[in-house]
Amino acid sequence: MTIVNLEHLAGRRVLSQRGKSIGYIEEIRAEPDGDDFVVTEFHVGVYAAFERLSASAIGVAVLDLFRLRRRGGLYRIPWDKLDISNPARPRLLCPMSELPGMKSAPDLPE
């Protein structure tokens, strides 16, 4: 098990297997595991920060205004597909084609 302080990962540039930047870690998802939390996935990409806005009706309206809810370049990287052994240089362990893209935000009740 690798233990890394989240402040060492948030905002870091993620490199592909070929060393190309695919974006920055904008969000880190975790689930409770007893008294601890375990990271499940990392959200990476230039528009991943906007995805957080989609949790509110105003955020959805802003994303729709700028057509960002359906934009490419957003990646959900499962915890086991990102090498964080060097937190200053996180690197993908799989081809980018294996990464699920982030689709539109969930529909909110009206």
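**Salt bridges, paired strands and a nonpolar core**

Good morning. I begin with Lys-81, which is partly exposed at a relative accessible area of 28%. Please keep in mind that the model before you is a predicted one.

What does Lys-81 form with Glu-98? The two residues form a salt bridge, in which the closest N and O atoms are 3.9 Å apart. Lys-81 sits in the loop between strand 4 and strand 5 (82–83), while Glu-98 belongs to the segment after strand 6 (91–92), so the bridge ties together parts that are 17 residues apart in sequence. Glu-98 also counts as partly exposed, with a relative accessibility of 48%.

As a general matter, side chains of opposite charge can pair when their charged atoms come close. How many salt bridges does a search of the whole structure find? The search finds three, and I turn now to the others.

Arg-76 and Glu-41 meet through their side chains in a salt bridge, at 3.6 Å from N to O. This pair links distant parts of the chain, for Arg-76 is in strand 4 and Glu-41 in strand 3, 35 residues apart. Is each partner buried or partly exposed? Arg-76 is partly exposed, at 30% relative accessible area. Glu-41, at 19%, is buried, because the limit for that class is under 20%.

Glu-27 and Arg-29 also join their side chains in a salt bridge, with 2.6 Å from N to O. Here Glu-27 is buried, with a relative accessible area of 14%, whereas Arg-29 is partly exposed at 38%.

Let us now consider the strands. Strand 3 and strand 4 pair in the antiparallel sense, over four bridges. Within this pairing, His-43 has Arg-76 of strand 4 as its bridge partner. Arg-76 therefore appears twice in this account: as the partner of His-43, and as a partly exposed member of a salt bridge.

Strand 2 and strand 3 likewise run antiparallel, and eight bridges join them. Pro-32 stands opposite Phe-37 of strand 3. The hairpin formed by strand 2 and strand 3 has two residues between the strands, and in this hairpin Gly-34 takes a positive phi near 70°.

Another residue of strand 2 is Glu-31. At 49% relative accessibility, Glu-31 counts as partly exposed, because exposed would require over 50%. Which residues does Glu-31 contact, leaving aside its neighbours within four places in sequence? They are Asp-36, Phe-37, Val-38 and Thr-40. Phe-37, then, is in contact with Glu-31 and stands opposite Pro-32. Glu-31 and Glu-41 are ten residues apart in sequence, and their C-alpha atoms are 9.8 Å apart in space.

I close with the interior. The largest nonpolar core holds 13 residues. Which of these touch the most other members? They are Val-14, Ile-22, Phe-42, Ile-77 and Leu-82. Strand 2 (21–33), strand 3 (36–44) and strand 4 (75–78) are the elements that each give two or more residues to this core. The strands just described as paired thus return here as contributors to the core.

Ile-22 deserves a separate word. Apart from its neighbours within four places in sequence, Ile-22 is in contact with Val-14, Ser-16, Val-44, Gly-45, Tyr-75, Ile-77, Leu-92, Met-96 and Leu-99. Among these contacts are Val-14 and Ile-77, both of which I named a moment ago among the core residues that touch the most other members.

Thank you for your attention.

Methods:
Residues numbered from 1 in each chain as written. Predicted model: local features only at pLDDT ≥ 70, side-chain atom pairs only at ≥ 80, totals over all residues. Heavy atoms only, no water. Core = buried A, V, L, I, M, F, W, Y, C linked by side-chain atoms within 4.5 Å. Buried < 20%, exposed > 50% of the residue type's maximum accessible area, 1.4 Å probe, protein only. Contact = heavy atoms within 4.5 Å. Pairing = 2+ DSSP bridges. Salt bridge = Lys/Arg side-chain N within 4 Å of Asp/Glu carboxyl O.
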